[in-house]
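Please open the structure in your viewer and keep the selection tool at hand. The stops below are meant to be followed in order, each with something to select and something to look for.

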Amino acid sequence: MTPKPSLLHRLSRPFAALADHRSLTVELARRDILGRYRGASFGLLWSLISPFMMLMIYTFAFGTVMGGRWPQVEAGNTSFAIILFAALMVHGFFSECLVKSPNLVTANPNFVKRVIFPIDILPWPLVMSALFHTGTTLVVFLLLRLAMDGQVAWTTVFFPVVMLPLVMLCLAMSWFLAALGVYLRDINQVTPLLSLAMLFLSTAMMPLSSVPESYRWVFMLNPLSFIIDQARAVLLWGDLPDWQGLGIYLLVAMVLLYAARYFFATTRRGFADVL
């Protein structure tokens with residue numbers, strides 16, 4: 001008779017897969033990063049060029065209208081471009097995980113049909129690849145901040161702590177959407193639109209104080225708004241993170257992570273039949 005797994009064993013399952021297949025996970029992440037720029041003349045330099053070009057487009061399109069809503073811009077403490085860049089780093093990480101997750105399983109049917117391949121690790125390389133691009137974007141942000149404002153806040157060291165709850169949330173989202181994408185292919189058409197909505201219905205473009213009170217609840221329910229505000233706090237304003245808020249966010253994200261991991265493990269039995 002097979003012994004019943006202990007509670008500690010069950011709790012460690014989402015992370016045990018990463019520990020047991022660390023080399024494979026890193027290799028898949030590396031393949032995803034290099035594959036994106038394969039054949040491009042500038043190669044990995046595009047990971048630095050792309051966020052800068054995106055920032056210029058958004059700043060040109062919205063800087064005049066949205067910039068005046070920020071008291072820090074009016075006071076001359078910083079520019080709208082820098083404020084926006086901090087938000088785009090957070091959204092860029094979330095968006096990459098959101099848009100790619102539904103295809104994690106469907107794009108790799110050969111992995112599903114290999115009994116020995118641990119397909120439950122697929123969200124990990126995706127998140128690691130997204131974190132790599134967030135890291136390169138952070139380098140561009142710091143250089144731009146030095147060039148434009150002549151300073152970098154020492155509280156920048158807390159940025160990984162701010163991102164940790166969102167990383168756990170994106171892992172949960174990846175497991176859930178990867179499984180759902182096998183049975184509901186239309187979800188691929190929805191996620192890009194949802195990503196755009198999550199950007200414009202967050203505090204990325206304007207502070208919450210500039211939003212009409214009757215609509216503020218929409219922005220407050222957006223899981224990106226709190227992380228964006230915390231990212232700006234440590235990257236721009238020199239404030240310490242909201243430890244209590246981050247702790248609650250992390251707790252909720254972990255609950256969703258285990259629920260999504262269970263959903264993936266339950267539904268994976270039918271993956272081979274559908275694919």
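Contact, as the word is used on this tour, means heavy atoms within 4.5 Å. What you have on screen is a predicted model.

**The whole chain**

Begin with the entire protein shown as a cartoon, where you will find 13 helices and zero strands, so that from the N terminus on the elements run α-α-α-α-α-α-α-α-α-α-α-α-α. If you then colour by burial, taking under 20% relative accessible area as buried, buried residues make up 46% of the 275 residues. Switching to a surface view, you are looking at about 14200 Å² of exposed area, of which carbon and sulfur atoms supply 68%. Among contacts between residues at least 6 apart in sequence, 79% join residues at least 24 apart, and several of the stops below show contacts between separate parts of the chain.

**First stop: Pro165 in helix H8**

Select Pro165, which lies in helix H8, and show its side chain. With a relative accessible area of 2%, Pro165 is buried. Which residues does Pro165 touch, once those up to four places away in sequence are not counted? They are Leu246, Tyr249, Leu250 and Ala253. If you add Leu251 to the selection, its C-alpha atom is separated from that of Pro165 by 8.1 Å, although the two residues are 86 residues apart along the chain.

**Second stop: H8 against H11**

Now widen the selection to the whole of helix H8, residues 159-183, together with helix H11, residues 223-237, whose axes are 9 Å apart and which pack at an angle of about 165°. Because angles over 145 degrees count as roughly antiparallel, H8 and H11 are described as roughly antiparallel to each other. Their crossing is left-handed. To see where the two helices meet, show the side chains of Phe159, Val162, Met163, Leu166 and Leu169 on H8, and those of Pro223, Leu224, Ile227, Gln230, Ala231, Val234 and Leu235 on H11. Sorted by class, this contact holds 11 nonpolar residues, one polar residue and no charged residues.

**Third stop: Ala178, further along H8**

Stay with helix H8 and select Ala178, which is found there too. Ala178 is buried, with a relative accessible area of 1%. Setting aside residues up to four places away in sequence, Ala178 touches Ser101, Pro102, Leu104, Val105 and Phe264. Ala178 and Leu98 are 80 residues apart in sequence, yet their C-alpha atoms are 9.8 Å apart in space.

**Fourth stop: the loop between H5 and H6**

One of the residues touched by Ala178 is Pro102, so named here because it is the next residue to select, and Pro102 lies in the loop between H5 and H6. Pro102 is buried, with a relative accessible area of 0%. Leaving aside neighbours within four places in sequence, Pro102 is in contact with Leu177, Ala178, Gly181, Ile187, Asn188 and Thr191. Add Phe176 to the view as well, and you can trace a C-alpha to C-alpha distance of 8.5 Å between Pro102 and Phe176, which are 74 residues apart in sequence.

In the loop between H5 and helix H6 (109-112), select Thr106. Is Thr106 buried or exposed? At 17% relative accessibility, Thr106 counts as buried. Beyond the residues up to four places away in sequence, Thr106 touches Gly181, Val182, Arg185 and Leu275.

**Fifth stop: H5 against H9**

Next select helix H5, residues 80-100, and helix H9, residues 187-200, which pack at an angle of about 160° with their axes 9 Å apart. H5 and H9 are therefore roughly antiparallel to each other, and their crossing is right-handed. On the H5 side, show Leu88, His91, Phe94, Ser95, Leu98 and Val99, which meet Thr191, Pro192, Leu194, Ser195, Met198 and Leu199 in H9. By class, this contact has eight nonpolar residues and four polar ones, with no charged residues.

**Last stop: Glu96 in H5**

Finish by selecting Glu96, which is also found in helix H5. At 12% relative accessibility, Glu96 counts as buried. With its neighbours within four places in sequence left aside, Glu96 is in contact with Asp32, Arg36, Leu126, Ser129, Ala130 and His133.

How values were computed. Residues are numbered from 1 along each chain as its sequence is written. This is a predicted model: local features need pLDDT of at least 70, side-chain atom pairs count only at pLDDT 80 or more; totals for chains, interfaces and linings use all residues. Side-chain values use heavy atoms; hydrogens and water are left out. Axes are lines fitted to C-alpha atoms, for helices over the stretch in contact, and angles run from 0 to 180 degrees between N-to-C directions. Helices (H or I, at least four residues) and strands (E, at least two) are DSSP runs, numbered from the N terminus. Angles under 35 degrees count as roughly parallel, over 145 as roughly antiparallel, 65 to 115 as roughly perpendicular and the rest as oblique. A crossing is left-handed if the near helix is turned anticlockwise from the far one by less than a right angle, and right-handed if clockwise. Ala, Val, Leu, Ile, Met, Phe, Trp, Tyr, Cys and Pro count as nonpolar, Asp, Glu, Lys and Arg as charged, and the others, Gly among them, as polar. Buried means under 20% relative accessible area, exposed over 50%, partly exposed in between (1.4 Å probe, protein chains only). Accessible areas come from the Shrake-Rupley method with a 1.4 Å probe; for residues, only the protein chains shown count as cover.
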